[in-house]
Amino acid sequence: MKMESAKRRIAVFASGNGSNAENIIRYFQRPDSGAEVTLVVCNRVGAPVIDKARRLGVHAEVLTREQINDESHMMPLLLDHRVDVIVLAGFLLMLPTFIIRSFPDAVVNIHPSLLPKFGGKGMYGRHVHEAVVKARETETGITIHLVSEVCDGGEVIFQASVPVDVSDTPDDVEAKVHELESRHFAEVIDDYFFRNK
Ligand code: GRF
């Protein structure tokens, strides 16, 4: 008889490069971890995250915005994969409300600034780092937060900061923020949702 894995199940939603998705997949592939990534959802055909996931043996679905917003399409997918926790890792669409309501306190996002600074509409990816440089901030960082129905407004579960030097370009800031993301995101997810739970 085939034993079902007792691990909790994570779906990662991503739109682009997928460096965070890859780190999270690898982190939870350790044999002693209490969870595993079993599904990646991507809304952009050809995004690097799709190959990254598939190469690591994770099922990746490429869906249109319409499919993602269609409850009768998405809920069976998430239920079939028996998803417990949803991780948004560079996912550029608004998550439909029916998903947020179906996974209470179980959807987490990473934002590449110290929220509430540089959050809200239009603040994603490079726009954030450009705004940080323009505002002559002396530090920036990452915010990992639960996803509520308010954009960038859910409970903050973790922040980490890094100095911004006067000579830093948006690329420099992005590199610093990425380093923080790869150091912390998977670990924070594990601590918050799975360790000793
Ligand atoms: C990250 O900076 C993340 O904080 C933001 O989008 C970026 C995604 O990068 N939400 P990647 O696709 O994980 O490489």
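The following exchange goes through a predicted model and asks what lies behind the terms used for it.

Biologist: What makes strand 3 and strand 7 the edges of the sheet?

Modeller: The strand order answers that. The open sheet has seven strands in the order 3-2-1-4-5-6-7, with mixed pairing. Strand 3 (59-62) and strand 7 (156-163) each have a single partner strand, so one side of each is left without a neighbour in the sheet. From one strand to the next, the twist averages 20°.

Biologist: How do you know that strand 1 and strand 4 pair?

Modeller: Pairing takes at least two bridges. Strand 1 (residues 8-14) and strand 4 (residues 85-88) are joined by four bridges, so they pair. The two strands run parallel. Within this pair, V12 stands opposite V87 of strand 4.

Biologist: What joins strand 4 to strand 5?

Modeller: Three bridges do, and these strands run parallel. At least two are needed, so this counts as a pair. I86 has V107 in strand 5 as its bridge partner.

Biologist: Why is strand 5 called largely enclosed?

Modeller: Five of its five residues are buried, so strand 5 is largely enclosed by the rest of the structure. Buried here means under 20% relative accessible area. Both faces are covered. V107, N109 and H111 are buried on one side, V108 and I110 on the other.

Biologist: Which helices lie across the sheet strands?

Modeller: Helix 4 and helix 7 are among them. Helix 4 (residues 71-80) lies across strands 1, 2, 3 and 4, at about 160° to strand 2 (35-42). Helix 7 (residues 170-194) lies across strands 1, 2, 4, 5, 6 and 7, at about 30° to strand 6 (139-146).

Biologist: Why is helix 1 called oblique to helix 7?

Modeller: Their axes cross at roughly 45° and come within 10 Å. Roughly parallel would need an angle under 35 degrees, and roughly perpendicular starts at 65. The crossing angle fits neither class, so helix 1 is oblique to helix 7. The crossing is right-handed.

Biologist: Which residues of helix 1 make that contact?

Modeller: S19, N20, N23, I24, Y27 and F28 do. Their counterparts in helix 7 include H178, F185, I189 and F194. The contact of helix 1 with helix 7 holds seven nonpolar, five polar and three charged residues.

Biologist: At what angle do helix 6 and helix 7 pack?

Modeller: At about 115°, with axes 8 Å apart. Helix 6 covers residues 126-134. This crossing is right-handed. R126, H129, E130, V132 and V133 in helix 6 meet P170, D171, V173, E174 and V177 in helix 7. By class, that contact has five nonpolar, one polar and four charged residues.

Biologist: How do you know that S33 is buried?

Modeller: Its relative accessible area is 6%. The limit for buried is under 20%, so S33 qualifies. S33 is in the loop between helix 1 (19-28) and strand 2. Beyond residues up to four places away in sequence, S33 touches K7, Y27 and F28.

Biologist: Why does K176 count as partly exposed?

Modeller: K176 has 22% relative accessibility. Buried needs under 20% and exposed over 50%, so K176 falls in between. K176 is found in helix 7.

Biologist: What is K176 in contact with, leaving aside neighbours within four places in sequence?

Modeller: V162, P163, V164, D165 and D168. K176 and V162 are 14 residues apart along the chain, with their C-alpha atoms separated by 7.1 Å.

Note on methods. Residues are numbered from 1 along each chain as its sequence is written. This is a predicted model: local features need pLDDT of at least 70, side-chain atom pairs count only at pLDDT 80 or more; totals for chains, interfaces and linings use all residues. Side-chain values use heavy atoms; hydrogens and water are left out. Axes are lines fitted to C-alpha atoms, for helices over the stretch in contact, and angles run from 0 to 180 degrees between N-to-C directions. Contact means heavy atoms within 4.5 Å. Buried means under 20% relative accessible area, exposed over 50%, partly exposed in between (1.4 Å probe, protein chains only). A crossing is left-handed if the near helix is turned anticlockwise from the far one by less than a right angle, and right-handed if clockwise. Ala, Val, Leu, Ile, Met, Phe, Trp, Tyr, Cys and Pro count as nonpolar, Asp, Glu, Lys and Arg as charged, and the others, Gly among them, as polar. Angles under 35 degrees count as roughly parallel, over 145 as roughly antiparallel, 65 to 115 as roughly perpendicular and the rest as oblique.
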